[in-house]
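Visitor: I should like to go through this model and ask, term by term, on what grounds each label is given.

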Amino acid sequence: MSKIEEIDPRVKAYLYDIGYRRWSPVHATVNRTWTMTSNIAESLNAVTKYARELPIVELLEYMRTLLERWTKEKLLKAKGTFTYIGYKFNKELDDNRTLSHKLRVRVSTDYIHTVIDGVRRYIVCLENKKYSCGQFQLDELPCPHALAALRQRGESFEEYCSPYYTRANLLRTYEIPVNPLPDESKWNLPQHISDEVVNPLTGEKRQPGRPQKERYKTYDELKSKKYKVSCGNCGGAPFLLASLPVTSLSLIDPSSCFFVA
C-alpha cells in the first residue's frame, strides 16, 4: 500500500474504500482457492478473438466445438493421472515437500507444532488445519510448514488437501460430455421459431474508431515485455495510454511524458 501511495494516493484511498475483500484473496468472504474469477473469460476471449466476427449461428457452433474439445482433453488428462490429486496440484505439493526438508520442527502437543524457517517461527495446528503463515487457509493445500509437521508425525497429506483437487473430482468435473449437433438441415425447428424475423438494431450509433478485440493488459504484463522502448525526451520507459481504461485516464498527470500507442 505504501508503494501504491507513492504512485497516487487516490488509488490507495479507493482500495481502502471498496474494502479488502474485493481485491485481496486473504480477506475474501468466499474461498477462492487457486481460481481467479476472470481466468475462464480471458481464455475464451483469447481463442474467440476472430470467431466473434462470425454470424451468431457459426459463432455458437465454434464455441460448442471448442468446449467439446477442451472437455475431452481435460477428461483424458484426468484419466491419465495416477496420483491422489491432479497433476498441477501434485507438482505444487512436490515443490512444497522439497522446501519442507529445510525446516526444523518442535512439537508442542499432538497437533500443534512450531516450525522454524530460518529466523522465523510458524505455528501449525493440524487439528484445526490452521497455520500461521496463512497459505493453507488460502490454497487448501499443505504448505512446506504443514508438510514438515506431517513428516514429524509420520502422517500422510491426503486429508489436508481440498477435495476439489482430487483426481476423483476432476473426473466428475468432465464426465458430462459436450454432445455434437447434427447438420443444420436436420434441425427440427418449431414453426414459431422458423417464422421469426430478427431485425438489426435501430438507433444504435457506432462508436468511432476500430472496435477493441483484446483485453486491457495489466501493468505486470506490460512490464514483462521482452523489448524495451525509452522516451526520446526524458529517457523514461513508455506508459501505454491505450492499455488503460477510459476511467483511469483522468488520474494521469498531463505534464508527464507518455507514448500514445
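**Grounds for the labels**

Guide: Glu155 has a relative accessibility of 24%, and partly exposed is the class between 20% and 50%, so Glu155 is called partly exposed. The model itself is predicted.

Visitor: What makes the contact of Glu155 and Arg153 a salt bridge?

Guide: The side chains of Glu155 and Arg153 meet at 2.9 Å, N to O. The cut-off is 4 Å between a side-chain nitrogen of Lys or Arg and a carboxyl oxygen of Asp or Glu, so the pair qualifies. Arg153 is at 35% relative accessibility and therefore also counts as partly exposed.

Visitor: Which residues are joined into one network by salt bridges that share partners?

Guide: Glu61, Arg64 and Glu68 are joined in this way. Within that group, the side chains of Arg64 and Glu61 meet at 3.0 Å, N to O. Both residues belong to helix H4 and lie three residues apart, about one turn of the helix. The whole structure has eight salt bridges.

Visitor: Why is Arg64 called buried?

Guide: Its relative accessibility is 14%; buried means under 20%, so Arg64 falls in that class. Glu61, at 31% relative accessibility, counts as partly exposed. Over the protein, buried residues make up 21% of the 261 residues.

Visitor: How do you know that Lys91 forms a salt bridge with Asp95?

Guide: The closest N and O atoms are 3.7 Å apart, and the limit is 4 Å. Lys91 and Asp95 are four residues apart in helix H5 (residues 87-100), so about one helical turn separates them. Lys91 is partly exposed at 44% relative accessibility, and Asp95 is partly exposed at 37%.

Visitor: Why does Ile56 count as exposed?

Guide: Ile56 has 56% relative accessibility; exposed means over 50%, so Ile56 is given that label. Ile56 is placed in helix H4.

Visitor: Which residues form the nonpolar patch on the surface?

Guide: The patch consists of Ile56, Val57, Leu60, Leu181, Trp187, Leu189 and Ile193, with about 650 Å² of accessible area together. Nonpolar side chains are joined into a patch within 5 Å, and each residue must have over 30% relative accessible area and no salt bridge. Helix H4 (residues 56-79) contributes the largest share of the patch, three residues. The accessible surface of the protein comes to about 19,900 Å², of which 55% belongs to carbon and sulfur atoms.

Visitor: What is the order of the strands in the open sheet?

Guide: The four strands stand in the order E1-E2-E3-E4, with antiparallel pairing. Strand E1 (104-107) and strand E4 (130-131) are called edge strands because each has a single partner, so one side of each is left without a neighbour in the sheet.

Visitor: How do you know that E1 and E2 are paired?

Guide: Pairing requires at least two bridges, and four bridges join E1 to strand E2 (residues 112-117). One of the bridge partners is Ile116 in E2, which is matched with Arg104; Arg106 stands opposite Thr114 in E2. A hairpin with four residues links E1 to E2. Six bridges join E2 to E3, which also run antiparallel, and Thr114 has Ile123 as its bridge partner in E3.

Visitor: Which helix lies across the strands?

Guide: Helix H7 (residues 144-153) lies across E1, E2, strand E3 (120-125) and E4, running at about 120° to E2.

Visitor: What makes the phi of Lys129 worth mentioning?

Guide: Most residues other than glycine have a negative phi. Lys129 is not a glycine, yet has a positive phi of about 55°. Lys129 is in the loop between E3 and E4 and counts as partly exposed at 29% relative accessibility. Glu140 is likewise not a glycine and has a positive phi of about 55°; it is found in the loop between helix H6 (135-139) and H7. Glu140 has a relative accessible area of 24% and is therefore partly exposed. In the hairpin of E2 and E3, with two residues between the strands, Gly118 takes a positive phi near 70°.

Notes. Residues numbered from 1 in each chain as written. Predicted model: local features only at pLDDT ≥ 70, side-chain atom pairs only at ≥ 80, totals over all residues. Heavy atoms only, no water. Patch = residues over 30% accessible without salt bridge, like charges linked within 9 Å, V, L, I, M, F, W, Y side chains within 5 Å. Areas by Shrake-Rupley, 256 points an atom, 1.4 Å probe, with all protein chains shown as cover. Buried < 20%, exposed > 50% of the residue type's maximum accessible area, 1.4 Å probe, protein only. Contact = heavy atoms within 4.5 Å. Axes fitted to C-alpha atoms, helices over the stretch in contact; angles between N-to-C directions.
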